[in-house]
Amino acid sequence: MNGWTGTILRVDLSAGTAQREAIPHKLLEEYLGGRGLGVRLMRDHFRLAPFDPAMPLIFAVGPLCGTPAPTAARLSVISRSPLTGTIYDCSAGGRFAWRLKAAGLDCLAITGRSPEPVVLAIRSNIVEIFPAHHLWGKDIPTTVEALKEHGSVAAIGPAGENGVPFASIMMGEGNSVGRGGLGAVMGSKNLKGVVVDGDGVTAIADPILFDKARQDVMRLFKASPVIFGPLGIAEFGTPVLVDLMAQRRMAPTENFRKTFFEHSANYSGPAIKEACGARKDGCYGCPIQCKKSSKDGGHLPEYETVSHFGALNKVDDLRAIVESNRICNNLGLDTITAAATLAAWGEIRGQFPTAEQIPGLLEDMALRRGDGELLALGSRSLAETMGRPELSMSVKSLELPAYDPRGAYGMALAYCTSNRGGCHLRAYPISHEILRKPVPTDRFSFSGKARIITIAEDTNAAVDSLVACKFSFFGASLEEYAELLTATTGTEYSPQRLKEIGRRICLTERFYNCVNGFSRKNDCLPERFFSEPGTSGDGIHIPPIDRQRFEEELDKYYRIRGLNADGCFDDAGFLEKLP
């Protein structure tokens, strides 16, 4: 088979068994891989609680993984989030995805709960489950060092072991399956790590067409100022957005009370490069290399992390921000939720934690000790427990990232329609509202945003199923990636067909969530954004969001999606009509 291996490995940790099975080719063609395949495989399990031993934890690569397709050495991890209760997927790059494919697998599905801590080791023809008592309680660098001789590592830290609902899964190269608490799902199975290695090669159906498509992608990358320009992400990484968000007056500050932080230049992309000697780093085989490392090889924080440990918590000390990022990565905590929870706690108490206090509080979170027992709940449960639920800046219990919705109305809508919760990556309207790609839109208008968000969600669902990096699409488009996919698999794909696949995936996720009790009431921003203005200045006015226009555009979104006025499905048999 070209592109796909056609194989899933099903591991039952309760029984200690592993079995390879064929994946129906129809499912691969219609769901691609990554997010789409994982969501489809959840069809019989999505009603289960996140920590139910029968709940699968699915690792899925895409058909382009293992080929020279740019930014395709990625995978998605899919389950149900213990933080949000939504169906959840999160992607990461690194050698792990490549080696999982080389081990002959499109997908790994883990169920059950081991009676003792274990590590799962996968090679081309061998699967082993061996004890990991000696690693339980260890941080991620220690775990990776102990396991790396067996292959590429995906591991949890103490946060995942202790069931922190925003625990991450870390790849050995420093990439993070960061959001939604999938590390806690892994910890609930007593699974400390997964190690993979293999020597298989991904077959390409049409090498000549593939090379042409790849050259087209690379040419578009090089022509993109967002990617390779003098102020692009290849040069400074995602923290290059710090100055841009400050200029646009939409940098979340003091738990989203304000939208401008006067000291943000202390942790901008150029500031990090100068202070830390940042050098280019990135995902395995990626030509963009948007991640940055320090002189000693330490992984430097990305935009969301510097902004939330910075402005959101009134911290302007770059060294403290870098240290907060290091601790989260070592202990396995999502930096966005961790920082946002500290900010909610700070506003509720009337005193934000200081730069000196934050590292210790993060350790307390992961270990669930002292104040960390409360902080480990995440911002929504913390704010409810403290009697101030309105101060959790989250949608569907997922904390908002570092784009204040009062400064970009497409982002406001996209946060709410996102199936996994308050996420910027489902539709990423920042691309056209702020970065003006592919064409600029008025960031202070809802006009047309429902249709734009729908198209973007469908497109990004297909991208997440290929699995390719969103940054690729600051240069290339679905047209070039459809050609890469056609050349790889020998099956004809067009941009329109990929969008239709993406639509199927988005609606499937939405259906799962509706069955589990989600509806229009969950598709809403915190009250703050409708009643309080942002921080105006420099000729830019940041008023509260017009609730009536928001609701009107949400109604349009539902109509475009074929949903009822409550954002759900009138057809209870919707899933049965899908492949």
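## Helix α21 and its surroundings, plus two other spots

Helices α7 and α21 run roughly antiparallel to each other, because angles over 145 degrees count as such and their axes cross at roughly 155 degrees. This is a predicted model, so keep that in mind throughout.

Two helix pairs are worth setting side by side. As a general matter, two packed helices are described by the angle between their axes and the distance between the axes. Here is how that looks for both pairs:

| Pair | Angle | Axis distance |
|---|---|---|
| α7 (residues 207-223) and α21 (residues 478-489) | roughly 155 degrees | within 8 Å |
| α2 (residues 34-41) and α22 | about 40 degrees | 10 Å |

Start with the α7 and α21 pair. The crossing of α7 past α21 is left-handed. On the α7 side, the contact is made by L209, F210, K212, A213, R214, D216, V217, L220 and F221, and their partners in α21 are E480, Y481, E483, L484, T486, A487 and T488. Sorted by class, the residues of this contact come out as 9 nonpolar, 2 polar and 5 charged.

Now α21 itself. With 12 residues at 1.5 Å a residue, α21 should span 16 Å, and its end C-alpha atoms are indeed 16 Å apart, so the two agree. Is α21 enclosed or open? Of its 12 residues, 10 are buried, so α21 is largely enclosed by the rest of the structure. The buried set is L478, E480, Y481, A482, L484, L485, T486, A487, T488 and T489. Among the elements covering these residues are α7, α20 (449-466) and α22 (495-515). Just past the end of α21 sits G490, which has a positive phi of about 80 degrees.

Helix α22, part of that cover, also packs against α2. These two helices are oblique to each other, because about 40 degrees lies outside the ranges for roughly parallel, perpendicular or antiparallel. Again, α2 passes α22 in a left-handed crossing. R35, G36, V39 and R40 from α2 touch I505, C506, T508, E509 and Y512 from α22. That contact holds 4 nonpolar, 2 polar and 3 charged residues.

One last stop is L13, in the loop between β1 (7-12) and β2 (17-22). What is its relative accessible area? L13 comes in at 3%, which means it is buried, as the cut-off is under 20%. Its C-alpha atom is 6.2 Å from that of T111, although the two residues are 98 apart along the chain. Beyond its neighbours within four places in sequence, L13 has contacts that include I110, T111, G112, R113, V118, I129 and K189.

Methods: Residues numbered from 1 in each chain as written. Predicted model: local features only at pLDDT ≥ 70, side-chain atom pairs only at ≥ 80, totals over all residues. Heavy atoms only, no water. Axes fitted to C-alpha atoms, helices over the stretch in contact; angles between N-to-C directions. Helix = DSSP H or I, 4+ residues; strand = E, 2+ residues; numbered from the N terminus. Parallel < 35°, antiparallel > 145°, perpendicular 65-115°, else oblique. Left-handed = near helix turned anticlockwise from the far one by under 90°. Contact = heavy atoms within 4.5 Å. Nonpolar A, V, L, I, M, F, W, Y, C, P; charged D, E, K, R; others polar. Expected span 1.5 Å × (residues − 1). Buried < 20%, exposed > 50% of the residue type's maximum accessible area, 1.4 Å probe, protein only.
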